[in-house]
Amino acid sequence: MKSYPFYKYLLNCFLLTIPILVWNIFLTPKLPEVFQPEIFQSQIPKFITYGENIFRAIIFALILFMPLRIATPLQKKGLLLYLIGILLYFLSWLLLICFPESHLSSNILVFMAPAYTPLLWLVGIGLIADSFYFNLPFKRWFFILIAIIFIVFHNLHTYIVFCRIN
């Protein structure tokens, strides 16, 4: 039986979420008050909260089992989509942070941008991945479908908050 070093499992698609997680941790407190957890999480129907959290957890669990390799043309396109997605995601936050009182922040497309732009970087990750560790069967459409379902719940949540304040 051939032995595989543990470090090979560290190079997985979870690494692609680190910039996003760091961004969220450090900049969430700088977002307008409505995006702070005490307000943003209140009065959201349980099925939306549970759906959003369950599908978020599934996404993070799946990416831990997806090796990070960028070799094929499709994976390179996935990396480009991922990079465009995180750029737009970061810009959407910066608009809300830098211009919290402007008419932009009360525009539904700007307000909800941090909720729908993750679809781009998540699909990018789905295109980068081509397998799971441990010989689990891999289908891109499955990961992308999970990402879409998460985005639907995430956007419903954000839309409810938007409607509540406008």
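# A guided tour of a seven-helix chain

Visitor: Is Arg56 buried, partly exposed or exposed?
Guide: A word of caution to begin with: this model is predicted. Arg56 has a relative accessible area of 28%. Buried means under 20% and exposed means over 50%, so at 28% Arg56 is partly exposed.

Visitor: Which residue does the side chain of Arg56 meet in a salt bridge?
Guide: Helix H3 holds both partners, four residues apart, about one turn of the helix. The partner of Arg56 is buried, with a relative accessible area of 4%. The two side chains meet at 3.3 Å, N to O, and the residue that Arg56 meets is Glu52.

Visitor: How many salt bridges does the structure hold?
Guide: You have just met the pair of Glu52 and Arg56. The side chains of Arg69 and Asp130 also meet in a salt bridge, at 2.8 Å, N to O. For the structure, the number of salt bridges is two.

Visitor: How many residues apart in sequence are the parts that Arg69 and Asp130 tie together?
Guide: These two side chains meet in a salt bridge. Arg69 lies in the loop between H3 and H4, while Asp130 lies in the loop between H6 and H7, so the pair ties together parts whose separation in sequence is 61 residues.

Visitor: Let's step back to the whole chain. What secondary structure does the protein chain have?
Guide: From the N terminus on, its elements run α-α-α-α-α-α-α. The C-alpha trace spans about 60 × 30 × 25 Å along its principal axes. In secondary structure, the chain comes to zero strands and seven helices.

Visitor: Which helix gives the most residues to the largest nonpolar core?
Guide: That core has 42 residues, and Cys13, Met66, Tyr82, Trp121, Leu122, Ile125 and Phe143 are those with the most contacts inside it. The elements that give two or more residues to this core are H1, H3, H4, H5, H6 and H7. With eight residues, the helix that gives the most is H7.

Visitor: Trp121 was on that list. Which residues is Trp121 in contact with, leaving aside its neighbours within four places in sequence?
Guide: Trp121 is among the residues with the most contacts inside the core. Trp121 also belongs to one aromatic cluster with Trp23, Tyr89, Phe90 and Trp93. Beyond its neighbours within four places in sequence, Trp121 is in contact with Thr17, Ile20, Leu81, Tyr82, Gly85, Ile86 and Tyr89.

Visitor: Is the aromatic pair of Phe132 and Phe138 stacked, tilted or edge-to-face?
Guide: The count for the structure comes to 13 aromatic pairs. In this one the rings are 5.0 Å apart, centre to centre, with 75° between the planes. Both Phe132 and Phe138 are buried. Planes over 60 degrees apart count as edge-to-face, so the pair is edge-to-face.

Visitor: How much accessible area do the residues of the nonpolar surface patch have together?
Guide: The patch is formed by Leu11, Leu15, Ile18, Val22, Ile25 and Phe26. One of them, Leu15, has its place in the segment before H1 and counts as partly exposed at 34% relative accessibility. Together the patch residues have an accessible area of about 570 Å².

Visitor: What share of the accessible surface of the protein chain belongs to carbon and sulfur atoms?
Guide: Of the 166 residues of the chain, 43% count as buried. The accessible surface comes to about 9,600 Å², and the share belonging to carbon and sulfur atoms is 74%.

How values were computed. Residues are numbered from 1 along each chain as its sequence is written. This is a predicted model: local features need pLDDT of at least 70, side-chain atom pairs count only at pLDDT 80 or more; totals for chains, interfaces and linings use all residues. Side-chain values use heavy atoms; hydrogens and water are left out. A nonpolar core is a set of buried Ala, Val, Leu, Ile, Met, Phe, Trp, Tyr and Cys residues joined through side-chain atoms within 4.5 Å. Buried means under 20% relative accessible area, exposed over 50%, partly exposed in between (1.4 Å probe, protein chains only). Contact means heavy atoms within 4.5 Å. Rings of Phe, Tyr and Trp (its six-membered ring) pair if their centres lie within 6.5 Å; planes under 30 degrees apart count as stacked, over 60 as edge-to-face and the rest as tilted. A salt bridge is a side-chain nitrogen of Lys or Arg within 4 Å of a carboxyl oxygen of Asp or Glu. Patches are made of residues with over 30% relative accessible area and no salt bridge: like charges are joined within 9 Å, nonpolar side chains (Val, Leu, Ile, Met, Phe, Trp, Tyr) within 5 Å. Accessible areas come from the Shrake-Rupley method with a 1.4 Å probe; for residues, only the protein chains shown count as cover.
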